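User: Could you take a close look at the part of this structure that surrounds the ligand, and walk me through it step by step?

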Amino acid sequence: MADPATATKITLDESELPRRWYNILADLPSPPPPVLHPGTLQPVGPDDLAPLFPMELILQEVATERYVDIPDDVLDVYRLWRPSPLYRARRLERALDTPAKIFYKYEGVSPAGSHKPNTAVAQAYFNAAAGVRRLTTETGAGQWGTALAFACAQFGLDCEVWQVRASYDQKPYRKIMIETFGGVIHPSPSPLTEAGRKVLAEHPDSPGSLGIAISEAVEVAAQHADTNYALGSVLNHVLLHQTVIGEEALAQFAKVGLTPDLIVGCTGGGSNFAGLAFPFLRERLAGRMDVTIRAVEPASCPSLTKGVYAYDFGDTAGMTPLMKMHTLGHDFVPDPIHAGGLRYHGMSPLVSHLYELGLIEAVAKTQRECFEAGVRFARTEGIVPAPEPTHALAACVEEALRCKETGEQKVILTALCGHGHLDLAAYGAYLAGDLADHELADDEVAQAVGALPQVPA
Ligand SMILES: Cc1ncc(COP(=O)(O)O)c(C=O)c1O
């Protein structure tokens with residue numbers, strides 16, 4: 001056992017890499033509402049999803065068994081960077097003068113610099129095994145597009161990415177990284193698709209959104225028999241693949257003989273948050289752990305804290321099935337904040353369901369507070385975080401300072417899901433005092449959710 005009094009970096013041997021993903025559906029008190037076909041409003045079946053996804057992933061989407069084996073070929077690629085380290089943030093603790101113990105699970109050691117390859121590699125593997133030749137996808141900040149381009153290169157697939165225009169302009173090096181891995185990338189909205197052309201006709205200067213980029217990628221995949229679509233978040237199978245993070249973290253905490261009292265993670269579509277939190281939630285549901293789990297989202301795109309829980313499309317053009325989730329409306333275009341990966345109008349149906357069940361909490365943060373926490377973290381711990389996990393860090397700092405007031409020695413675990421080496425322009429803007437805060441007002445929310453699809457109860 002590592003010495004809890006001195007350990008800074010808690011690592012696992014490659015032989016301790018988890019060999020199974022955890023499916024939380026097996027342990028929930030009630031299942032989430034079904035995904036509906038937009039035409040018939042009946043629950044979708046495997047055949048409805050077959051034009052976009054290989055059957056193995058469709059089966060994982062609806063699986064109810066507690067564990068799914070990770071294929072050996074996927075484990076082989078995971079070994080390039082997994083198991084990822086768990087750190088004790090001793091320097092941050094000292095700077096905050098808090099009695100809290102702060103830990104962070106660092107996913108920035110992956111080839112893309114974030115948690116995204118955990119599912120990209122799995123999705124590329126199952127598509128290649130099914131004979132698919134090309135994958136299309138959307139990307140926000142570019143982490144997911146990079147991850148999928150890397151994963152496609154591992155399994156001999158072509159990869160075509162639509163990147164949200166605001167992020168495409170803010171983060172030019174992501175394009176070069178995607179091309180270096182062999183991918184093709186377009187800014188979204190693009191003139192290449194019906195969905196993109198429609199947006200451009202109405203808003204030639206549109207900053208884009210994840211919903212629009214998803215429409216473009218889905219449209220192209222649906223039109224070509226040899227092409228499938230891959231989604232970087234939101235869906236059950238994506239969250240399933242990310243649970244490798246939490247399984248490792250559980251084993252790492254066991255090495256120092258501690259358990260977290262609070263887990264904080266940022267939520268765009270919910271995948272890094274779920275990946276870290278779900279295995280701990282399994283322990284809590286089984287009565288083996290008492291841990292609070294808190295999602296942190298941007299105040300400019302507050303799907304959990306201000307959105308409605310309703311059936312909505314996953315994309316802007318309305319091509320995907322209808323999912324019951326916390327949503328701001330599928331045509332909502334968020335303010336172009338620098339945490340591009342958090343600019344999604346909805347939230348994973350599974351995370352939304354857990355929120356409805358009261359199993360998780362949610363808070364919203366504005367971007368300057370987040371960058372302040374990111375800079376504080378960089379100056380103490382030496383890692384420049386991606387703008388997305390600075391949201392979790394802001395909530396972590398808030399809790400650590402609360403502990404300073406109360407004297408509580410809480411154990412806090414933060415999902416540090418990526419580094420910000422290709423997001424430095426955002427830090428430049430923050431340091432120059434050029435970043436504005438934007439909080440979505442209640443009347444803007446009411447307007448945004450005004451045109452949700454009508455689904456009978
Ligand atoms: C570094 C990083 N963190 C978080 C997210 C948000 O996605 P999710 O909520 O699925 O983890 C993204 C999405 O692109 C990302 O790149």
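Analyst: The shell of residues around the ligand divides into 4 nonpolar, 10 polar and 2 charged residues, and it should be kept in mind that this is a predicted model. In total, 16 residues surround the ligand, and the closest of them are S233, G268, G270, S271 and N272. Two of these names return when we turn to the polar contacts: a polar backbone atom of G270 is 2.8 Å from an oxygen atom of the ligand, while an N or O atom in the side chain of S271 lies 2.7 Å from an oxygen atom of the ligand. A further contact involves K116, where a polar side-chain atom lies 3.3 Å from a ligand oxygen atom. Taken alone, the ligand exposes 390 Å², and the protein buries 97% of that area.

The setting of the ligand can be described as well, for the ligand sits in the largest cavity, which has a volume of about 350 Å³. Of the 30 residues that line this cavity, the closest to its centre are K116, W144, S233, G341 and L342, so that K116 and S233 appear here again. Several elements each supply at least two residues of the lining, namely strand 6 (134-139), helix 6 (143-155), helix 10 (210-223), helix 12 (271-285) and helix 16 (387-406). Sorted by class, the lining of the largest cavity has 12 nonpolar, 15 polar and 3 charged residues.

Terms used: Residues numbered from 1 in each chain as written. Predicted model: local features only at pLDDT ≥ 70, side-chain atom pairs only at ≥ 80, totals over all residues. Heavy atoms only, no water. 1 Å grid on protein atoms, 1.4 Å probe; cavity = no way out; pocket = protein on both sides within 12 Å on 5 of 7 lines; lining within 4 Å. Points joined across faces, edges and corners; volume = space filled by probe spheres on them. Helix = DSSP H or I, 4+ residues; strand = E, 2+ residues; numbered from the N terminus. Nonpolar A, V, L, I, M, F, W, Y, C, P; charged D, E, K, R; others polar. Near = heavy atom within 4 Å. Polar contact = N/O pair within 3.5 Å; in protein donor to acceptor, adjacent residues only side chain to side chain. Areas by Shrake-Rupley, 256 points an atom, 1.4 Å probe, with all protein chains shown as cover. Sits in = over half its atoms within 2 Å of the grid points.
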